[in-house]
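Grab the viewer and a pencil: here are some exercises to work through by eye before reading the solutions. Try each task on your own, then compare.

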Amino acid sequence: MGQRHGYESASQRRRGRKMSRKIFEALKLLQPDWNSYDASAIDREAIRAAELIALALAHSPQIAPTATGGVQLEWHTEGIDLEIEIKKDLSIEVFYEEAN
């Protein structure tokens, strides 16, 4: 069963959560300068906060490290872009855009 109205089926959600957990574990292994441009290691508390947010929501995000040691969660679907950045100091920035 595929996606409808921006929601994932139960099996898609299980696969998404499994993949998300693997990505979060991989983020813990990134060392300083992981991007060859003097990036910080990813903060463990930022990873944990991002993990809690991602697992609480109905749709699995794309997950990316930030050069400043945080984690960014992204959703791009049906003309909507939502990005949540959890910074190293655990502050959060949100970007939302809807195409009209």
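Before we start, one convention: strands, like helices, are DSSP runs numbered from the N terminus, a strand being E over at least two residues, and two strands pair if DSSP finds at least two bridges between them. Keep in mind too that this is a predicted model.

**Exercise 1. The hairpin**

Task: Find how S3 and S4 pair, and say which residue of their hairpin takes a positive phi.

Solution:
- Step 1. Locate the strands: S3 covers residues 80-86 and S4 covers residues 92-98.
- Step 2. Look at the pairing, which is antiparallel and runs over seven bridges. For a check on the register, pick Glu83, whose bridge partner in S4 is Phe95.
- Step 3. Now go to the connection. Five residues sit between the two strands, and Leu90 is the one with a positive phi, near 70°.

**Exercise 2. The whole sheet**

Task: Work out the strand order of the sheet and what packs on it.

Solution:
- Step 1. Walk across the strands: the order is S1-S2-S3-S4, an open sheet of four strands with antiparallel pairing.
- Step 2. Spot the edges. S1 (62-65) and S4 each pair on one side only, which makes them the edge strands.
- Step 3. Look along the sheet for its twist, which averages 15° from one strand to the next.
- Step 4. Zoom in on S1 and S2 (residues 71-77), which pair in the antiparallel sense over four bridges. Here Ala64 stands opposite Gln72 in S2.
- Step 5. Add the helices. H1 (residues 10-28) packs on the sheet and touches S1 and S2, with its direction at about 0° to that of S1. H2 (residues 44-56) packs on the sheet as well, touching S2, S3 and S4, and its direction makes about 25° with that of S2.

**Exercise 3. Helix against helix**

Task: Are H1 and H2 roughly parallel or roughly antiparallel to each other?

Solution:
- Step 1. Get the geometry: the two axes come within 10 Å and cross at roughly 175°.
- Step 2. Apply the cut-off: angles over 145 degrees count as roughly antiparallel, so H1 and H2 are roughly antiparallel to each other.
- Step 3. List who meets whom. From H1 come Arg13, Arg17, Arg21, Phe24, Leu27 and Lys28; from H2 come Arg44, Ile47, Ala50, Glu51, Ala54 and Leu55.

**Exercise 4. The nonpolar core**

Task: Which residues of the largest nonpolar core touch the most other members, and which elements supply the core?

Solution:
- Step 1. The core has 13 residues, and Phe24, Val71 and Leu73 touch the most other members.
- Step 2. Sort by element: H1, H2, S2 and S3 each give two or more residues. H2 gives the most, with four.
- Step 3. Follow one of the hubs. Leaving aside neighbours within four places in sequence, Val71 is in contact with a list of residues that includes Phe24, Leu27, Ile47, Ala50, Ile63 and Ile84.
- Step 4. Cross to Ile63 in strand S1, which counts as buried because its relative accessibility is 14%. With the same neighbours left out, its contacts include Ile23, Phe24, Leu27, Val71 and Leu73.

**Exercise 5. Salt bridges**

Task: How many salt bridges does a search of the whole structure find? Look at how their partners are placed.

Solution:
- Step 1. The search finds four.
- Step 2. Start in H1, where Glu25 and Lys28 meet at 2.9 Å, N to O. They lie three residues apart, about one turn of the helix. Glu25 is partly exposed at 44% relative accessibility, and Lys28 is partly exposed at 24%.
- Step 3. Move to H2. Glu51 pairs with Arg48, the closest N and O atoms being 3.3 Å apart, and because they are three residues apart, about one helical turn separates them. Glu51 is buried at 10%, whereas Arg48 is partly exposed at 40%.
- Step 4. Finish with Glu85 and Lys87, whose closest N and O atoms are 3.7 Å apart. Glu85 counts as buried at 15%, and Lys87 as partly exposed at 23%. Shared partners join Glu85, Lys87 and Glu93 into one network of salt bridges.

Definitions and conventions:
Residues are numbered from 1 along each chain as its sequence is written. This is a predicted model: local features need pLDDT of at least 70, side-chain atom pairs count only at pLDDT 80 or more; totals for chains, interfaces and linings use all residues. Side-chain values use heavy atoms; hydrogens and water are left out. Axes are lines fitted to C-alpha atoms, for helices over the stretch in contact, and angles run from 0 to 180 degrees between N-to-C directions. Contact means heavy atoms within 4.5 Å. A salt bridge is a side-chain nitrogen of Lys or Arg within 4 Å of a carboxyl oxygen of Asp or Glu. Buried means under 20% relative accessible area, exposed over 50%, partly exposed in between (1.4 Å probe, protein chains only). A nonpolar core is a set of buried Ala, Val, Leu, Ile, Met, Phe, Trp, Tyr and Cys residues joined through side-chain atoms within 4.5 Å. Angles under 35 degrees count as roughly parallel, over 145 as roughly antiparallel, 65 to 115 as roughly perpendicular and the rest as oblique.
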